[in-house]
Amino acid sequence: MEQIILKASVRESTGKGPARTLRRENKMPAVLYGPNKESMLLSVDIKELEQISKKYNLNHVLLNLVIEDGKTVKKQVMVKELQAHPVSMNFLHVDFYEIAMDRKIKVNIPVVAKGKSKGVELGGVLQIVRRELEVLCLPAEIPDTIEIDITDLGVGDSVHVEEIPLEGDIEIPAEVNFTVLTILSPKIEAIEVEEEEEEAEAEVEEEVEEEGAPEATEED
């Protein structure tokens, strides 16, 4: 997996005032955590992190954090938490977690269907039941996606988690052999859509009845 370089600087001040000062300089506060280590206060360039987020999923990417503190220190980290403004979505604060490269970690990886199934060509509908899967692997082996070849799947066929081929020393720690994706019959799809429409209509009628019901009055 490609490692992305992100530069950081050590900071000493905390609080809203220093945070605003950092943002005026196009930087934002960050914290680095690690196993059996004290947390380290840092700052990172906002635009640099934004550029990385446009190319990679920050929940999955392994970062080579280059920390300047009189001398250069490099840490292999992943984003633990990223705070953004609820309206502007501008980045406000980020927490990094130092990763031991020789120990497996759990990460959620997106599922991607590859090819066009025979069932879809006959009018079936691809339904991805699990869009992400939790995998256990070494940090350097984190896959970008989990690809599932659906070419040979017909209408009614499914792929379960235990049937997914994995490369390298990667595991999917699933206790149940659940369905990851399936090819639905067009009839089943139509029935599901019709049921959803009927439920929506019933909810609207119920709301109309409640709004139009007369208020109870006391009789003399």
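**Close-up views of a predicted model**

**View 1. Strand 12 and its bridge partners.** Welcome to the first stop, where Q127 has T182 of strand 12 as its bridge partner. Like every view in this set, this one shows a predicted model. Strand 8, residues 125–128, pairs with strand 12 in the antiparallel sense, over 4 bridges. Strand 11, residues 158–160, also pairs with strand 12 in the antiparallel sense, here over 3 bridges. T182 in strand 12 turns up again as the bridge partner of S158. Strands of a sheet pair through backbone hydrogen bonds, in either the parallel or the antiparallel sense. How much of strand 12 is covered? Most of strand 12 is, with 5 of its 6 residues buried.

**View 2. V180 and the largest nonpolar core.** Here we look into the largest nonpolar core, which has 25 residues. Which residues have the most contacts inside this core? They are L133, V135, I148 and V180. At least two residues of the core come from each of strand 7 (105–114), strand 9 (132–137), strand 10 (146–149) and strand 12 (179–184). Strand 7 gives the most, with 4 residues. Now follow V180 outwards: leaving aside neighbours within four places in sequence, its contacts include V111, L133, I148, V159, V161 and I164. Q127, I128, V129, R130 and H160 are also in contact with V180. Another core lies apart from the largest one; it has 21 residues, including V44, I52, V79 and F91.

**View 3. The open sheet of strands 9, 7 and 10.** In this view, 3 strands form an open sheet with mixed pairing, in the order 9-7-10. Which strands are at the edges? Strand 9 and strand 10 are the edge strands, and each pairs on one side only. From one strand to the next, the twist averages 40°. Strand 7 and strand 10 run parallel and are joined by 4 bridges. A helpful landmark is K114, which stands opposite D149 in strand 10.

**View 4. P110 and D144, a strand residue and a loop residue.** P110 is found in strand 7, while D144 belongs to the loop between strand 9 and strand 10. Is D144 buried or exposed? D144 counts as exposed because its relative accessible area is 57%, and the cut-off for exposed is over 50%. P110 has a relative accessibility of 22%, so it counts as partly exposed. Although 34 residues separate P110 and D144 in sequence, their C-alpha atoms are 7.6 Å apart in space. I109 makes a similar landmark: its C-alpha atom is 6.8 Å from that of D144, with the two residues 35 apart along the chain. Not counting residues up to four places away in sequence, P110 touches H60, R131, E132, D144, T145 and I146.

**View 5. The barrel and its helices.** Now for the barrel, which 6 strands close in the order 1-3-2-6-5-4, with mixed pairing. The twist from one strand to the next averages 45°. Strand 2 (residues 27–34) and strand 6 (residues 91–98) run parallel, joined by 4 bridges. A30 has V94 in strand 6 as its bridge partner. Which strands does helix 1 lie across? Helix 1, residues 16–24, lies across strand 2, strand 3 (37–45) and strand 6, and runs at about 115° to strand 2. Helix 2, residues 46–55, packs on the sheet and touches strand 1 (4–10), strand 2, strand 3, strand 4 (63–69), strand 5 (71–84) and strand 6. The direction of helix 2 makes about 155° with that of strand 1.

**View 6. Charges over rings.** Two charged side chains feature here. The charged end of R130 sits over the ring of F178, 3.9 Å from the ring centre. The charged end of K80 sits over the ring of Y33, at 5.0 Å from the ring centre. How many aromatic pairs does a search of the whole structure find? The search finds 0.

**View 7. The whole chain.** To finish, step back to the protein chain, whose secondary structure comes to 4 helices and 12 strands. The chain has 220 residues, of which 32% count as buried. Among its contacts between residues at least 6 apart in sequence, 65% join residues at least 24 apart.

Methods:
Residues are numbered from 1 along each chain as its sequence is written. This is a predicted model: local features need pLDDT of at least 70, side-chain atom pairs count only at pLDDT 80 or more; totals for chains, interfaces and linings use all residues. Side-chain values use heavy atoms; hydrogens and water are left out. Rings of Phe, Tyr and Trp (its six-membered ring) pair if their centres lie within 6.5 Å; planes under 30 degrees apart count as stacked, over 60 as edge-to-face and the rest as tilted. A charge sits over a ring if NZ of Lys or CZ of Arg is within 6 Å of the ring centre and within 35 degrees of the ring normal. A nonpolar core is a set of buried Ala, Val, Leu, Ile, Met, Phe, Trp, Tyr and Cys residues joined through side-chain atoms within 4.5 Å. Buried means under 20% relative accessible area, exposed over 50%, partly exposed in between (1.4 Å probe, protein chains only). Contact means heavy atoms within 4.5 Å. Two strands pair if DSSP finds at least two bridges between them. Axes are lines fitted to C-alpha atoms, for helices over the stretch in contact, and angles run from 0 to 180 degrees between N-to-C directions.
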